[in-house]
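I opened this notebook to record, entry by entry, what I looked up in one structure. My plan was to begin with the interior, then go on to strands, single residues and a pocket.

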Amino acid sequence: MAVNRVPVLKRCRSLGMEPSVLGIDKKSNRQLIRANRKMSEYGMQLREKQKAKFIYGVLEKPFRNYYKKADQMPGMTGPNLMTILESRLDNVIFRLGLARTRAEARQIVGHKMVLVNGKKVNIPSYLVKAGDTVEITEKCKSYQRFKDIAEATNGRLVPEWLDYDADAMKATIKQLPTREMIDVPVDEVQIVELYSK
């Protein structure tokens, strides 16, 4: 399995985004020194795609497949793409505050700690649907790890498209998110322009 091993703060600096978007509360003291060159249109489109891939932890091939799927769905391709990325199981676990970062959420799912509709799912890229229930397995609810995570993510707001019961560590997907509900700083129009060339 391919893994992106670029240091997170370095990558955030190069993409011009805050580490807090990823759930990381560290700050970098270094400033990225860029040459005073104007970025080309292609460069800006590529940067937006790299930003989306980095935020959601998706590599090129699956990302391209998500784009193709979004293109075939009714409605606009850009918002469809963001909805697909947001409805990944690892992202849902992150949004519920059951993980500090999406990488940690991916690990939790991979270690078979998550039930979707009562069945164990260990595929981070599993796409949830409206009406699905997502919960932590009974055995894992008592783990100290989840108590520590709950303490760290206590201030995080659960999005309106999720109905979450913190005591039971169980959530219901009320609806799939629309673009207005997704607070990720990505210009999906540029991604669509890049892929439609």
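The entries below follow that plan.

**Ground rules.** I am working with a predicted model, in which local features need pLDDT of at least 70 and side-chain atom pairs count only at pLDDT 80 or more, while totals for chains, interfaces and linings use all residues. Residues are numbered from 1 along each chain as its sequence is written, and side-chain values use heavy atoms, with hydrogens and water left out.

**The core.** I looked up the largest nonpolar core, meaning a set of buried Ala, Val, Leu, Ile, Met, Phe, Trp, Tyr and Cys residues joined through side-chain atoms within 4.5 Å; buried stands for under 20% relative accessible area, exposed for over 50%, and partly exposed for in between, with a 1.4 Å probe and protein chains only. This core has 26 residues, and those touching the most other members are Leu89, Ile93, Ile108, Val114, Val134, Ile136 and Phe146. Among the elements that each supply at least two of its residues are helix H5 (89-95), strand E1 (114-116), strand E3 (133-136) and strand E5 (170-173), where helices (H or I, at least four residues) and strands (E, at least two) are DSSP runs numbered from the N terminus. H5 gives the largest share, four residues. I also noted a second, separate core of 23 residues, which includes Leu22, Ala52, Phe54 and Val58.

**Strands.** Two strands pair if DSSP finds at least two bridges between them. I found that E1 and E3 pair in the antiparallel sense over three bridges, with Val114 standing opposite Ile136 in E3. E3 and E5 also pair in the antiparallel sense over three bridges, and there the bridge partner of Thr133 is Thr172 in E5.

**Two residues.** Is Asp90 buried or exposed? Asp90, which lies in helix H5, counts as buried because its relative accessibility is 2%. Leaving out residues up to four places away in sequence, Asp90 touches Tyr56, Arg102, Ala105, Arg106, Val109 and Pro124, contact meaning heavy atoms within 4.5 Å. Arg5, placed in the segment before helix H1 (8-15), is exposed, with a relative accessible area of 72%.

**Distance.** I checked Arg5 against Gln72, 67 residues apart along the chain, and their C-alpha atoms are separated by 32 Å.
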